[in-house]
Amino acid sequence: MGQVENRATGCPEEGTCNVVIHKNKHLVVKEDGTGAMYPEMVAGENTVVVYTFSKEGPAGTADGNYSETIHFEIPAGVENLSKEDAMLAEVNLLYGKQCFCRGEAGFYPIRNGKLLVEKSSQGIVFDLKFKVEKTSQVISHITETVKL
């Protein structure tokens, strides 16, 4: 597992960002009893990337923190990846919004955007531009390099 924190590339100034790489995992998108989606990582041969943007709430507030997460999977043996719009489902691209914001928190599949990934022995470079149709978002473009 590799991790990069507080990168300047694409992270909004008002928060912090980090990337965690999970090797030998498979990303499964599940549904709970209410129809809400959520990601689950299970043992597998692929690599799962989790990008997180988080922002502390105002001092003295109990429920003011805000975060967004992006999950996607890189198939084993793939060095270069390019997926756009509906093809993003092939890598289980998922956007999560965690906040005290009625009706907006939860996970959403991303089907509007473009993901480019280059994998080498040194690390993973990815560039993602996306739009979530069903909720507002802070993050819409991520460019990261993660050393393995």
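This passage describes the fold, surface and aromatic pairs of a predicted model.

The chain contains 10 strands and 0 helices. In sequence order the elements read β-β-β-β-β-β-β-β-β-β. The radius of gyration is 15 Å, close to the 15 Å given by the globule rule for 148 residues, so the chain is as compact as a globular protein of that length. The C-alpha trace spans about 45 × 35 × 25 Å along its principal axes.

Burial and contacts were examined over the whole chain. Of the 148 residues, 41% count as buried. Where contacts join residues at least 6 apart in sequence, 51% of them are between residues at least 24 apart. The exposed area of the chain is about 8100 Å², and 50% of this area is supplied by carbon and sulfur atoms. The chain carries 15 positive and 20 negative charges, and the mean positions of the two sets are 1 Å apart.

Aromatic rings were then considered. The search of the whole structure gave 4 aromatic pairs. One of these is formed by Phe72 and Phe126. Their ring centres are 5.3 Å apart and their planes meet at 70 degrees, an edge-to-face arrangement. Phe72 belongs to strand β4 (residues 66–74) and Phe126 to strand β9 (residues 123–130), so this pair ties together parts that are 54 residues apart in sequence. Phe72 has a relative accessibility of 0% and therefore counts as buried, the cut-off being under 20%. By the same cut-off Phe126, at 1% relative accessibility, also counts as buried.

A further aromatic pair consists of Tyr95 and Phe130. This pair is tilted, with 6.1 Å centre to centre and 50 degrees between the planes. Tyr95 lies in strand β6 (residues 94–98), whereas Phe130 lies in strand β9, so the pair ties together parts that are 35 residues apart in sequence. Both Tyr95 and Phe130 are buried. Ring pairs also bring in Tyr108, which is linked with Tyr95 and Phe130 into a cluster.

Strand β9 thus recurs in the description of the aromatic pairs: Phe126 of this strand is tied to Phe72 of strand β4, and Phe130 of strand β9 is tied to Tyr95 of strand β6.

Conventions
Residues are numbered from 1 along each chain as its sequence is written. This is a predicted model: local features need pLDDT of at least 70, side-chain atom pairs count only at pLDDT 80 or more; totals for chains, interfaces and linings use all residues. Side-chain values use heavy atoms; hydrogens and water are left out. Helices (H or I, at least four residues) and strands (E, at least two) are DSSP runs, numbered from the N terminus. The radius of gyration is taken over C-alpha atoms; the globule rule is 2.2 Å times the number of residues to the power 0.38. Buried means under 20% relative accessible area, exposed over 50%, partly exposed in between (1.4 Å probe, protein chains only). Contact means heavy atoms within 4.5 Å. Accessible areas come from the Shrake-Rupley method with a 1.4 Å probe; for residues, only the protein chains shown count as cover. Lys and Arg count as positive and Asp and Glu as negative; His and the chain ends are not counted. The place of a charge is taken as NZ of Lys, CZ of Arg, CG of Asp or CD of Glu. Rings of Phe, Tyr and Trp (its six-membered ring) pair if their centres lie within 6.5 Å; planes under 30 degrees apart count as stacked, over 60 as edge-to-face and the rest as tilted.
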